[in-house]
Amino acid sequence: METTLRGVGVSHGVAIGEVRHMGTAVLEPPAKQITADEAEREQGRARKAVSAVAADLIARGQLAGGEAQHVLEAQAMIAEDPELMADVDRRIAVGSTAERGVYDAFAAYRDLLAGAGEYMAGRVADLDDVRNRIVARLLGVPMPGVPDSDEPYVLIARDLAPADTALLDPALVLGFVTEEGGPTSHSAILARALGVPAIVALPGAGEIAEGTVIAVDGSTGDVFVEPTAEKRAELEAAAAERKAALAASSGPGATSDGHKVPLLANVGGPADVPAAVEAGAEGVGLFRTEFLFLDDSKKAPSEEKQIESYRKVLEAFPEGRVVVRVLDAGADKPLDFLTPTDEPNPALGVRGLRSLLDHPDVLRTQLTALAKAAEGLPVYLEVMAPMVADRIDAKAFADACREAGLKAKFGAMVEIPSAALRARSILQEVEFLSLGTNDLAQYAFAADRQVGAVSRLQDPWQPALLDLIAMSAEAARAEGKSCGVCGEAASDPLLACVLTGLGVTSLSMGAASIPYVRATLAKYTLAQCERAAAAARAADSAEEARVAAQAVLSGE
């Protein structure tokens, strides 16, 4: 009998197939005591296992490429974190085995994150995965992971670590469903990059029996357990129609009546550029430069290394627009040379632009590198600051750009509600705004963007979030300046129409989402988008907003 479950759709598409479950987690190792003369040997075992796991993660990243490579390299850094290893050594010195020392050291770090306001909770899956890999190697047991299968299947897991998500084979893994996670988790971002239909935050997903046939709709978040023949035919027809629309769609983003909406790509570095170009991106709306800095948490990359990386991206879009976000460090992206280690709540502390203003030499080097990278290129370079709170922040950033001799437009990201409320004031200092809807929702609703339990409040369809977006777009229009969206909201084709109706002037997203958004925008006029936006803002919940907008665009 067909039943329907509802999670959070994070990657478009439909998948129909039998369920296969992820392997169970590594068991807690026994609390066995060792003698003092065994400690050195056990410490050596621990270090060898850590190095092997870090090397494996880096190798997986190089194989996956793109944004996945940056994520897995960051995981490798977690594995070899000197403070964690020092804690492991201390525990072994007082009698723990290597595996128990690793397990307990990671558990203590977990507790530290929880005590820091749980902003880092979204990275717990990454932390657990690193621990499990090290412990499994020490115990000599296989690492739980994606199941072996000769036939295509739909994968169900409690959560998926980036190391598993990055190497999913779309020919075998038709789609995946997780019980935990959120729309901006690493797994969700990588699923979109792979083009694999995915749903997260679905309670009870693990109770679906192995071998059960399910249908996954990554656009709506619906999972149909044992779908009827009629439902399967309906979903397959919708998927075929969507595929045909994608194939017929090309060129710049625009509504059916010619209102231009540039469709840009979010990239983490040169490795992400080919996919963006292939998808027809009109430029880059978010160049996440922090991935370059995460290669070494102890020191900033040299000016020469930065110039080389930036220029490769800029050269890929001649005559195009490339929006670079300066280093966004802190909170879930700590850097030893830049961010404090003792903040009670890193999400509300010294992160983003605040970190850079505290370390002007780091900001100056990055801005100088960007200026040199753009020399002689016909690209339209724009540079923006993360976590701008008010006009004082905006002025400090603009002044730093001028002092570095940067010939580019200077902008501010709207990720804090105060920036949306005072957008006209901020626009007195900068030339454009870019909405980071992930963090804007997090701060507007006091809801950690990585915690599945509060994913309802992270839904970008929340009317209050749409109000903040509209407020920013209206301010930009009044000042004759642009206001784009570079958060995950832009990757939802239906929501892209609503954002256009709210007055947003460009949309930036993962490359895989660009064809979906282009095809959907081309079906509706600007007036229809504006009516859909008004209907969504008049609703009282995210679900009501989505239904109301769809009704308008469907002519109901």
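1. How many bridges join strand β7 to strand β8, and in which sense do the two strands run? In this predicted model, β7, made of residues 213-217, is joined to β8, made of residues 222-225, by four bridges, and the two strands run antiparallel. Within this pairing, the residue standing opposite Phe224 of β8 is Ala215.

2. These two strands belong to an open sheet of eight strands, and a reader tracing the sheet from one edge to the other will meet them in the order β1-β8-β7-β3-β4-β5-β6-β2, with mixed pairing. The edge positions are taken by β1 (3-6) and β2 (8-11), and because each of them has a single partner strand, one side of each is left without a neighbour in the sheet. On average, and ignoring direction, neighbouring strands of this sheet are turned by 30° against each other.

3. A helix should be viewed together with this sheet: α8, which spans residues 229-248, lies across β3 (14-21), β7 and β8, and its course runs at about 120° to that of β3.

4. Further along the chain, strand β14 (residues 432-435) deserves a separate look, since it has pairing partners on record in two other strands. With β13 (residues 409-414) it pairs in the parallel sense over four bridges, and Ala412 stands opposite Leu433 of β14. With β15 (residues 482-485), β14 likewise pairs in the parallel sense over four bridges, and here the bridge partner of Leu433 is Cys483.

5. Are the residues on the two faces of β14 buried or exposed? Both faces are covered, with Phe432 and Ser434 buried on one side and Leu433 and Leu435 buried on the other.

6. Helix α20, residues 493-502, is also mostly covered, with 10 of its 10 residues buried; among them are Pro493, Leu494, Cys497, Thr500 and Gly501. The elements against which these buried residues pack are the strands β15 and β16 (506-509), together with the helices α19 (463-478), α21 (514-521), α22 (526-537) and α23 (542-554). Strand β15 therefore appears in two settings, as a parallel partner of β14 and as one of the elements packed against by the buried residues of α20.

7. The two ends of α20 can be described in turn. At the N-terminal end, Asp492 acts as a cap, with a side-chain oxygen placed 3.0 Å from the backbone nitrogen of Leu494. Beyond the other end, the helix is followed by Gly503, a residue whose phi is positive, near 105°.

Terms used: Residues are numbered from 1 along each chain as its sequence is written. This is a predicted model: local features need pLDDT of at least 70, side-chain atom pairs count only at pLDDT 80 or more; totals for chains, interfaces and linings use all residues. Side-chain values use heavy atoms; hydrogens and water are left out. Two strands pair if DSSP finds at least two bridges between them. Axes are lines fitted to C-alpha atoms, for helices over the stretch in contact, and angles run from 0 to 180 degrees between N-to-C directions. Contact means heavy atoms within 4.5 Å. Buried means under 20% relative accessible area, exposed over 50%, partly exposed in between (1.4 Å probe, protein chains only). A polar contact is a pair of N or O atoms within 3.5 Å; within protein, one must be able to donate a hydrogen and the other to accept it, and residues adjacent in sequence count only if both atoms are side-chain atoms.
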